[in-house]
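Student: I would like to learn how to read a fold from its strands and helices. Please take me through one case, feature by feature.

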Amino acid sequence: MSLIQKVTYNKKFNKKTCNFTTPSHSQGDFICPEAENLLGRKFFECDMSETEGFDNLRAPDGILKELQYNISKIYTSKCSFMLPNGATTGIIAAMLAVLNSFDEVLVARNCHVSVYNGLVLTGATPVWFMPERDEKWDIFKSVTAEEIERKLKSNPLIKAVIITSPTYEGVYSSIPQISEVTKKYGAVLIVDESHGALSNFARDYTGYAPAIVSGADISVHSLHKTAGAPAPCGLLHIAKSSKITPEAVQAALNLVTTTSPSYPMMIAIEAVVNFLFSDKGKNEVRKLYDLVEDFIAKTHYLDDVEVYSGFNDKAKLLLRMKSLPAQAVAKILNDDFKIEEEFSNDNALLFLTGIGTQKRKFEKLLSALKEISVMEVEADIVGDKYNIELPRMIYTPREAYFHPYEYIDTEKAEGRICAEVVLPYPPGIPMILPGEVITKDNIKFIMTDKVKVTGINRK
Ligand SMILES: Cc1ncc(COP(=O)(O)O)c(C=O)c1O
C-alpha cells in the first residue's frame, strides 16, 4: 500500500488511532482558525509523525521504503530519496556522503549557495572554476568536458565534481561527455539538476537525458520549481552504475534533515512523481513544451524580441528586447501589465514555466511584448555592469566560517577577506564567499551601483 493509499484508507474507514504523539494537534483535533482558513483541514489531517504503520524516513523499512523504491524504478536509479526539506538538503547530503575534510572538489562557480553550505559542513577545499560567459545574454554557458579534464589533469587530489545542469537560466551541459572525463580520473560527478525535474519525462523531445542515466553518480531535483509540488520538495537519486552507497547518503541526509519530515510534503512528492509518470502527466509535460514552442514561434513575428536558443531547456524562457534594456522591459511588464518575471539580468529576462503553465499566461506575455515593442520608451539607466570574476580564496569556506571577524564599513572593504556570503537572490549564486578577497567591483555591486532603472518615460 502506498503512502497516499494508506492515508486515504485510514480516513475513509476512520482508522484514526488515539495518538498521544507529536504533532499534538492529532491530525486536526485542534487547528488555529486562521491556519485552517488558509491551509484547510485536510492539510492537518495528513500531518502526522512516525506512528504505527507510517515508517521513519531516517531508517525506512515500511511504507516510505516502498515509496522510495517505486520512485527509484520510475527514475531508473539505484536508489532515490525523498527530500521534504528541498533540494538544498540533497546537495549538502550528496557532498557529505562523498567528501572528507581533506578532499578537494571541483565546483563550477555558478553553483547554488547550498554547495557553499556543503563546503562548510564537509570542510572540503573547493577548486573553483568559472564557466565561460555568454556576454550577449549575460549568462553562464555550458560547462565543457574539456575544461573539466584540464582541471582534473592538473589536480589529481580532486575527488568530486559538482555542476549545475540545467543552470538557473536553463543551459544544459553535456553530462555524457563530462561523466566520461570524471570516470577517467576517478572523480564522483554530482549534478545539481534542481531545475531539470521534468527532464526524465521530456527527454524524447528536449534532447537532454537526466544526469543519472547519462553517467553522473548523483543528481538532485527540486520538485517545486517546475514540477508542480509545493515548496520544499525534492529528490536525490544515486545512479545504478555509481559506487556511492545508499547507506552513505542516508547517513548524510540524517545529519541535515529534520527528524519530523512533513508527511504532507511526502504525500505531495508521491503524488507528483506518480502523476509525471502517468500518461496524463506525460501529456501535461508535452503540452507545456508545445505551448513553449508555440510561444517562441509567435515571437518570431516580433522583430524586437529575441528568445535564447542553444542547448537549453526551452521551458525556461530567456528573452530580450533588442531596443530596450532588460531592466526597463521588466519594469514596464511589472508596472503596466502586472507580469512578473522570475529574474532579469543586465541583458535578458527569464520567465519560468512549468507543468500546468496556462496558455493564457503565454498569450498575456506575448501580447504585452507586442505592445512594448511598439511603445516609444526612454529608459533612464544608471550604474555599471557587474564584472564577474573568480575571487581569490584565502581561507576555505569552513576555515572562514569559524574564523573571527569584525564589522567594517563596506566602502573600506577593498582587499579585506569577506566574512559573509554575498548572495544576489535570485538566482542564489554567490558573488563573494567567506574566505575570499573583496574587490573594488564587489563593493560597487554591494553598494547597488549596478545597472538599475531610475525612470521610464513613455513618449
Ligand atoms: C540551481 C539551484 N539548486 C538548488 C536550489 C535549492 O532548491 P530548493 O529550493 O529545493 O532547496 C535552487 C533554488 O533556488 C537552485 O536554483
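**Reading strands, sheets and buried residues**

Tutor: Start with strand β11: Lys316, Leu318 and Arg320 point to one side of β11, Leu317, Leu319 and Met321 point to the other, and all of them are buried. Keep in mind that this is a predicted model.

Student: How many residues of β11 are buried, and what follows from that?

Tutor: A residue counts as buried when its relative accessible area is under 20%. In β11, residues 316-321, six of the six residues meet that cut-off, so the strand is largely enclosed by the rest of the structure.

Student: Which strands pair with β11, and in which sense?

Tutor: The general idea comes first. Strands of a sheet pair through backbone hydrogen bonds, and the pairing is either parallel or antiparallel. Here, β10 (residues 305-307) is joined to β11 by three bridges, and the two run antiparallel. Strand β13 (residues 349-352) is also antiparallel to β11, with four bridges between them. For single residues, Met321 in β11 has Val305 opposite, and Lys316 has Leu352 of β13 as its bridge partner.

Student: What is the strand order in the open sheet of seven strands?

Tutor: The order is β1-β9-β8-β7-β6-β2-β3, and the pairing is mixed. The edges are β1 (79-83) and β3 (125-129); each has a single partner strand, so one side of each has no neighbour in the sheet. From one strand to the next, the twist averages 20 degrees.

Student: Is the edge strand β1 mostly covered or exposed?

Tutor: Look at the residues on both faces. Five of the five residues of β1 are buried, which leaves the strand mostly covered. Cys79, Phe81 and Leu83 point one way, Ser80 and Met82 point the other way, and all are buried. The pairing of β1 with β9 (residues 234-238) is antiparallel and covers five bridges. Within that pair, Gly234 of β9 faces Leu83.

Student: Where in this sheet can I see a parallel pair?

Tutor: Take β2 (residues 104-108) and β6 (residues 158-164), which run parallel and are joined by four bridges. Val107 is opposite Ile162 in β6.

Student: Which helix lies across β6 and β7?

Tutor: That is α8 (residues 175-184), and the helix runs at about 150 degrees to β7 (188-192).

Student: How should I read the surroundings of one residue, say Ala145?

Tutor: Take its place, its cover and its contacts in turn. Ala145 lies in helix α7 (residues 145-154). Its relative accessibility is 9%, so Ala145 counts as buried. Apart from neighbours within four places in sequence, Ala145 is in contact with Gln177, Ile178 and Val181. Glu180 is 35 residues from Ala145 in sequence, and their C-alpha atoms are 8.2 Å apart.

Student: What does the side chain of Gln250 reach?

Tutor: The side chain of Gln250 reaches the backbone oxygen of Arg58 at 3.1 Å. Gln250 is in helix α11 (residues 246-256), and its relative accessibility of 14% makes it count as buried. Setting aside neighbours within four places in sequence, the contacts of Gln250 are Leu57, Arg58, Pro60 and Phe81. Phe81 belongs to the residues of β1 discussed above.

Student: Which residues of helix α9 are buried, and what do they pack against?

Tutor: In α9 (residues 199-206), the buried residues are Ser199, Asn200, Phe201, Ala202 and Thr206. They pack against α4 (63-75), β8 (218-222), α12 (263-277) and α13 (279-299). Just after the helix, Gly207 has a positive phi of about 80 degrees.

Student: How do I step back to the whole chain?

Tutor: Count the elements, then check the overall dimensions. The chain has 17 helices and 15 strands. Its radius of gyration is 23 Å, close to the 23 Å that the globule rule gives for 459 residues, so the chain is as compact as a globular protein of that length. Along the principal axes, the C-alpha atoms fill a box of roughly 65 × 55 × 45 Å.

Student: What share of the residues is buried?

Tutor: Of the 459 residues, 54% are buried. The accessible surface is about 21700 Å², and carbon and sulfur atoms account for 51% of that surface. As for contacts between residues at least 6 apart in sequence, 69% join residues at least 24 apart.

Terms used: Residues are numbered from 1 along each chain as its sequence is written. This is a predicted model: local features need pLDDT of at least 70, side-chain atom pairs count only at pLDDT 80 or more; totals for chains, interfaces and linings use all residues. Side-chain values use heavy atoms; hydrogens and water are left out. Two strands pair if DSSP finds at least two bridges between them. Axes are lines fitted to C-alpha atoms, for helices over the stretch in contact, and angles run from 0 to 180 degrees between N-to-C directions. Contact means heavy atoms within 4.5 Å. The radius of gyration is taken over C-alpha atoms; the globule rule is 2.2 Å times the number of residues to the power 0.38. Buried means under 20% relative accessible area, exposed over 50%, partly exposed in between (1.4 Å probe, protein chains only). Accessible areas come from the Shrake-Rupley method with a 1.4 Å probe; for residues, only the protein chains shown count as cover. A polar contact is a pair of N or O atoms within 3.5 Å; within protein, one must be able to donate a hydrogen and the other to accept it, and residues adjacent in sequence count only if both atoms are side-chain atoms.
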